[in-house]
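I opened a notebook for a structure that is new to me. The entries below follow the order in which I looked things up.

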Amino acid sequence: MDIVFPGDPEWEDARVGRVFNARRPSRQPAAVLRAVCEQDLIDGVRLARARGWKVAVRSGGHSWAAWSVRSDSLLIDLGGFREISYNSDNGVVSVTPSVRGGADLRPYLAERGRFFGGGHCPTVGLGGFLLQGGQGYNARGWGWAAESVVAVDVVTAEGELVRADESNNSDLFWAARGAGPGFFGLVARFHLQTRPLPGCVAETVHVYPLDLFDDVMTWLHGMHHTVSPDVEIVAVSAEGSLAVTGLALVATLDEAREALAPLETCPVIDKALVRQTAVPSSFESHAERQMAANPEGFRYIVDNAWLTGSAEAMGPLFKDLPTVRSFAIWFSMAPLRELPDMAFSLQSEIYCAVYLVYEDPADDVRLRSWLTDRMAALQPITAGQYLGDSDFTARPVKFMGEAQYRRLEEIREARDPERLFVGYLTGDGQPPLNVNPWEAS
Ligand SMILES: Cc1cc2nc3c(=O)[nH]c(=O)nc-3n(C[C@H](O)[C@H](O)[C@H](O)COP(=O)(O)OP(=O)(O)OC[C@H]3O[C@@H](n4cnc5c(N)ncnc54)[C@H](O)[C@@H]3O)c2cc1C
C-alpha cells in the first residue's frame, strides 16, 4: 500500500493537492493512502480499524468544503483507481468513484451511443456527486443521478466488500443514494443505468440587463413548470447581467425548436442584450464554459438553498455579487417529480446557489460574512439545502426529510456503531444536524 505520513516530502500534496478549492483547510489527517485497486480499499479500512484511526474518503476532490480532509483520519484517496466498464446487454456502466462524470465517463459512453448525466463541470468526481444525489444534466426532467444507480460495491466498517442493491444490503443501497459525506462505508464501485445519447443538443440563451431581474424572473417562475421535461432551464447572474438558458436534450433540431419555444414568451424579450434561439450546441462546448466559469487555482465560498418564494426576494443576492468572477444560479426542478425511496429526500422547485470566486485569502472572512447575511435574508423562503454546494461548518441547514434522516442514523448505528467513518463535518457548538436553525424553536 502507498501510504504517506505527515512529515513525508509528499505530505502536503497527498493531503490537499487534489482538493479543487484553493481555500484549503489546515486539518491534518493521520495518514493518506493512495489507493490503486479494490484490495487497497479493503486493506485501508482494516488498517484504520487496527490503528484506531477514522476513515475519510476522496474521489474527485471537488467538495467545496474539502470534506475529505479530516483530522486524525486515514484519508483513502481513490484518485489513482480509475476504471470504467460497460455491459451492452443491459446498458449498465460500472465506474470507480474517482471517474469524472464529464471528462472520463461522457466520452466513453458517447463512443457507445450512451449517456449518463454527471456533474456540469466535467472534472467533478462521481463518488461525492452520486452519494449526495447528483444534480446532473437535466435533473429537472430526468431525475437525480442517484436515481440511476442500480447497485454499489461498498467496503463496510467491518472491512468487508459487499454488493448493495434493491435486494441485497438494501439499507446500504438506500443510504448511498443521498447520505453524501455522511455515508458510513467506502464505495468501491457504482453500477449506473445509462440512457441513449441525445441526438441533438441545442440551446436558447437570452441575456438581460440585471435591472430587469424582477420582470424576467417573475415570468420564469410563472412558466418554468410548463416547459418540456427534455429542457434544462437555468438562470445565471454573472458579470453584471442575467442569462436565461434552455438546454434541449432531444433527438432532432426540430424537436429542440419546439421544446425551447416557450422561452420566447418573456414579456421583456425585446430588451434582451443577446438573443439566441435553439442554436445547435454540444456537451464539449458546455464543458469548456463550465471550466471557464469555475477556474482552478481560485478560492471559492459557496452556499445554496431550496427556495419556495417569489423572484423579487432573490433579487438582492443576484444583483449585487461582491467579486467580478462570482456568479449565482437559479436552477429549475419544476414540476417536482416524485422521488424513489432513498436517503436523498429534500428539494423544491427552485434551486439557488451562489459561488464567490476570488484569489486573496484576506477576503475569506468578509466574503463568507457577505454570503451568510444574504442567505439569512432568504430564510423565510428557504426549505433547506443541497449537500453538493453546502458547508455545515459555515451554515448548517436541513438537507434531508426528517424521517429519512432518522432512518439514516438508525442504519449508521447498525452498520458503523463505532463511528469508523468520519461522517458530516460540522463546526464547534453548532445546532443539531438537519435542522433549519431559524425554525428550531
Ligand atoms: C467546479 C464544480 C462544479 C460542480 N458542479 C456540480 C453539478 O453540476 N452538480 C452537482 O450535483 N454537484 C456539483 N458540484 C458539487 C460536487 O458534486 C460535490 O462537491 C461532490 O461531493 C464532489 O464529488 P468528488 O468525488 O469530486 O469530491 P470529493 O471531495 O472527493 O468527495 C466529497 C466527499 O464525498 C464522500 N465520498 C466521495 N467518494 C466516496 C467514496 N468512494 N466512498 C465514500 N464516500 C465518498 C466523502 O465524504 C468525500 O469527502 C460541483 C463542484 C465543483 C467544485
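Entry 1, a tryptophan. I began with Trp144, which counts as buried at 1% relative accessibility. The model is a predicted one, and I keep that in mind for every entry.

Entry 2, aromatic pairs. I looked up how many aromatic pairs the structure holds, and the number is 20. One of them is formed by Trp144 and Trp306, and this pair is edge-to-face. I noted 5.9 Å centre to centre and 70° between the planes; planes over 60 degrees apart count as edge-to-face. Where do the two residues of this pair lie? Trp144 is in the loop between helix 5 (139–142) and strand 8 (149–155), and Trp306 is in strand 16 (residues 299–307), so the pair ties together parts that are 162 residues apart in sequence. Trp306 is buried too, with a relative accessible area of 0%; under 20% is what buried means. I also found a cluster linked by ring pairs, made of Phe20, Trp64, Tyr300, Phe327 and Tyr355.

Entry 3, the ligand. I turned to the ligand and found that 32 residues surround it. The closest are Ser59, Gly61, His120, Gln135 and Tyr386. By class, I wrote down 14 nonpolar, 17 polar and one charged residues for this shell. Strand 3 (54–58), helix 4 (126–131) and strand 10 (186–193) each supply at least two residues of the shell. Which element gives the most to the shell? Helix 4 does, with four residues.

Entry 4, polar atoms at the ligand. I looked up what lies by the ligand's oxygen atoms. An oxygen atom of the ligand is 2.6 Å from an N or O atom in the side chain of Tyr386. For the side chain of Gln132, I noted 2.9 Å between one of its N or O atoms and an oxygen atom of the ligand. At Phe129 the partner is a polar backbone atom, 3.4 Å from an oxygen atom of the ligand. I then checked the area: the ligand taken alone exposes 950 Å², and the protein buries 95% of that.

Entry 5, arginines. I found the charged end of Arg177 over the ring of Phe173, 3.8 Å from the ring centre. Arg195 lies over the face of Trp142, at 3.7 Å from the ring centre. Is Arg412 buried or exposed? Arg412 is buried, with a relative accessible area of 6%. I placed Arg412 in helix 12 (residues 402–415). A polar atom of the Arg412 side chain lies 3.0 Å from the backbone oxygen of Gly182.

Entry 6, backbone. Most residues other than glycine have a negative phi, and most peptide bonds are trans. I looked for departures from this. A cis peptide bond joins Ala334 and Pro335, with omega about -5°. Pro335 is in the loop between strand 17 (327–332) and strand 18 (350–358). Asp72 has a positive phi near 55°, and its place is in the loop between strand 3 and strand 4 (73–77). Asn434 also is not a glycine, and its phi is positive at about 60°. I placed Asn434 in the segment after helix 12. I compared the two for accessibility: Asp72 counts as exposed at 56%, whereas Asn434 counts as buried at 6%.

How values were computed: Residues numbered from 1 in each chain as written. Predicted model: local features only at pLDDT ≥ 70, side-chain atom pairs only at ≥ 80, totals over all residues. Heavy atoms only, no water. Near = heavy atom within 4 Å. Polar contact = N/O pair within 3.5 Å; in protein donor to acceptor, adjacent residues only side chain to side chain. Areas by Shrake-Rupley, 256 points an atom, 1.4 Å probe, with all protein chains shown as cover. Nonpolar A, V, L, I, M, F, W, Y, C, P; charged D, E, K, R; others polar. Phe/Tyr/Trp six-rings, centres within 6.5 Å; stacked < 30°, edge-to-face > 60°. Buried < 20%, exposed > 50% of the residue type's maximum accessible area, 1.4 Å probe, protein only. Lys NZ or Arg CZ within 6 Å of the ring centre and 35° of its normal.
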